[in-house]
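Here's a quick walk through a two-chain model, written for someone who likes the cut-offs spelled out. Have a look at it first.

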Number of protein chains: 2
Amino acid sequence: MTVKKANQQEQLKTPYHLFLGCGDNPLAIKTSRGIAEWNPDVCLAEIAGGDSPLTLGLPKMSVKEAAQNGAKTFVIGLANAGGFVDPEWEPYILEAIESGMDIASGLHRRLDEIPSIKEAAEKHGVTLHDIRHGYTDLKTGKGNKRTGKRILAVGTDCSVGKMYTTLAIEREMKAQGYNATFRATGQTGVMIVSSGICIDAVIADFISGGIEELCPDNTPDHWDVIEGQGSLYNPAFAGVSLGLLHGSQPDIIILCHEAGREHIKDLAHIPIPDLADCIELNLKHARLTNPDATLGGISLNCRNLSAEEGERQRAALQAKFNVPCFDPMITGVKAFVDQL
Amino acid sequence: MTVKKANQQEQLKTPYHLFLGCGDNPLAIKTSRGIAEWNPDVCLAEIAGGDSPLTLGLPKMSVKEAAQNGAKTFVIGLANAGGFVDPEWEPYILEAIESGMDIASGLHRRLDEIPSIKEAAEKHGVTLHDIRHGYTDLKTGKGNKRTGKRILAVGTDCSVGKMYTTLAIEREMKAQGYNATFRATGQTGVMIVSSGICIDAVIADFISGGIEELCPDNTPDHWDVIEGQGSLYNPAFAGVSLGLLHGSQPDIIILCHEAGREHIKDLAHIPIPDLADCIELNLKHARLTNPDATLGGISLNCRNLSAEEGERQRAALQAKFNVPCFDPMITGVKAFVDQL
């Protein structure tokens, strides 16, 4: 049921009908918000179930209306504790299937575990995209140098702004006339650009090989802008980060960091690394597959700082590491792209 | 069909009936040879199909004879190009199922993809152990310090002798009265000790978490002797190696290296790392989850050296790094265990 393209990338049909669930917690719809913010063109409409007050400000449509207006994929762009399909969501999903839409989900549990959903999808000939599952035909990494250029976001930790940084860089590069492609490696990124590989969901043997398929040989003027994941210093996910680094063989890494964070997310006993150490270690590993890898910028997430303090810290890092330091949400990423 | 224990480890029933396939290539039965060499007590008998001349020197029994003599698991202890169940093997597997044996396979393709095997297993109530598949309920790593002591083999590359080194260390430690357990992380290791986790076959998010489950809190006098995988310098598998390192939180690492190897296996463009660099990088990462990690020895695979040259190189490394340097196949590992 779970279908990937021959090269193992997801390929979601657009436009989307975004499902916001039946709750009232705005944090739960982070994925949908990311899609609406970064790729509004693919968002036909939204729907919140039950009495939910949640909205992204998109047109509100029933499932039937959305299907009649051309929606191709019903996107479960939200998370819950446990990562399962809430029984409250099921009628909406079934109606979408009956209306001919594919379903896309980034939940931990598979859509096709639910017999009613599986049967309906088979009956109506629609595809269930379980973005965190089904990468079964990848190859192991080879480490051969590929043509084209690559930028990778690396981090001091998870959830510091790697996806926003790379999406912003792709947008700015395109605005400046570069031939650039954002390469999604996480579920929100995949849903935003409707393609990519959720790299923490592949079998461990195929992390770097999966990334090699995600950003293959390209024209010499082409830039892959690759979403990073995790951190070499996060003991839960460092293996993913290292495979991603080797598979990306980046010409340029961008270090992403959240100002003020003191320990690794959810692991209070593991401190955030020193930035110089983190840069050096990432470059050391990157040079295994690209001896020319260099640091190109620092993306400092300043959401917890005052405007003045943010400016002061960015200036200090820029002076210390001699690369542009920016916050994509505050300063934009022009300073980085201008110096490419 | 693929069953793991609650803690996600394999648990194979013994004794085994070892199936050597129908070919004539002794390299193909490396897994079976490892089992017969390291754990002869669980090997009731062997069987080669067709006209195969292969043998491990075990008693030869037909499937029926083995079952009558108490064999509990029919082990497909061999590999072929493509990693699939050869149609020539199918009659033997089906006979084993009909005789009430479980089936264990380390092939890339699943046993239960073959309808006749799946149906027979269901009908006769036996378990299909696909050792490279089905680790679906692991947790992410936490990096909390666990009680008990841990030794991990790390390497300059794949296939340099990490499994042999750790099996030999466990054996020597037990002989000296230590409370030690070999922890298998690859398919041959799992089959040898009939338990463990094939760590390159788990979902990437769960590499370190899987290892945390494999060697949990233990008594202060207990040593886990953990089989390593891959190398931080092998761009195909380094993610697995790093997750394994973080999850193991080793007190002691043993560096495993094959004398004379010049480039990473199957990747002629990636050189073998400098040993001092490899030790330093492994210790740096290991100290994220165990600040006290140290180098305890160097296992030098000298199979391509003359006796004199092997002795010379081991002495040189021992002098340079100030830890015992040994070849488990030539010198044994007593020098390492003696200094614990």
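What follows covers the ground rules, the symmetry, the interface and one sheet.

## Ground rules

This is a predicted model, so local features need pLDDT of at least 70 and side-chain atom pairs count only at pLDDT 80 or more, while totals for chains, interfaces and linings use all residues. Residues are numbered from 1 along each chain as its sequence is written, with chains lettered from A and ligands numbered from 1 in the order in which they are written.

## How the copies relate

Two copies of a chain are related by a rotation about an axis and a shift along it. Here, a turn of 180° and a shift of 0.0 Å along the axis lay chain A on chain B with an RMSD of 0.0 Å (least-squares superposition on C-alpha atoms of residues with pLDDT of at least 70 in both). That's the relation of a two-fold axis.

## The interface

Chain A and chain B put in 30 residues each, a contact being two residues whose C-beta atoms, placed from the backbone, lie within 7 Å. On chain A's side, the elements giving two or more residues are helix 7 (207-214), helix 8 and strand 13 (267-271); helices (H or I, at least four residues) and strands (E, at least two) are DSSP runs numbered from the N terminus. Helix 8 of chain A has the largest share, with six residues. Also, 100% of chain A's interface residues are interface residues in chain B too, so the copies meet through the same surface.

## Helix 8 against helix 8

The axes of helix 8 (residues 238-248) of chain A and helix 8 (residues 238-248) of chain B come within 7 Å and cross at roughly 155° (axes are lines fitted to C-alpha atoms, for helices over the stretch in contact, with angles from 0 to 180 degrees between N-to-C directions). That makes the two helices roughly antiparallel, a label for angles over 145 degrees. Among the residues making this contact are A:Gly239, A:Gly243, B:Gly239 and B:Gly243.

## A parallel sheet in chain A

Chain A has an open sheet of five strands, order 3-2-4-5-6, with parallel pairing; strands pair if DSSP finds at least two bridges between them. Strand 3 (43-47) and strand 6 (128-130) of chain A are the edges, each pairing on one side only. Strand 2 (residues 16-19) and strand 3 of chain A share four bridges, and A:His17 has A:Ala45 as its bridge partner.

How values were computed:
Parallel < 35°, antiparallel > 145°, perpendicular 65-115°, else oblique.
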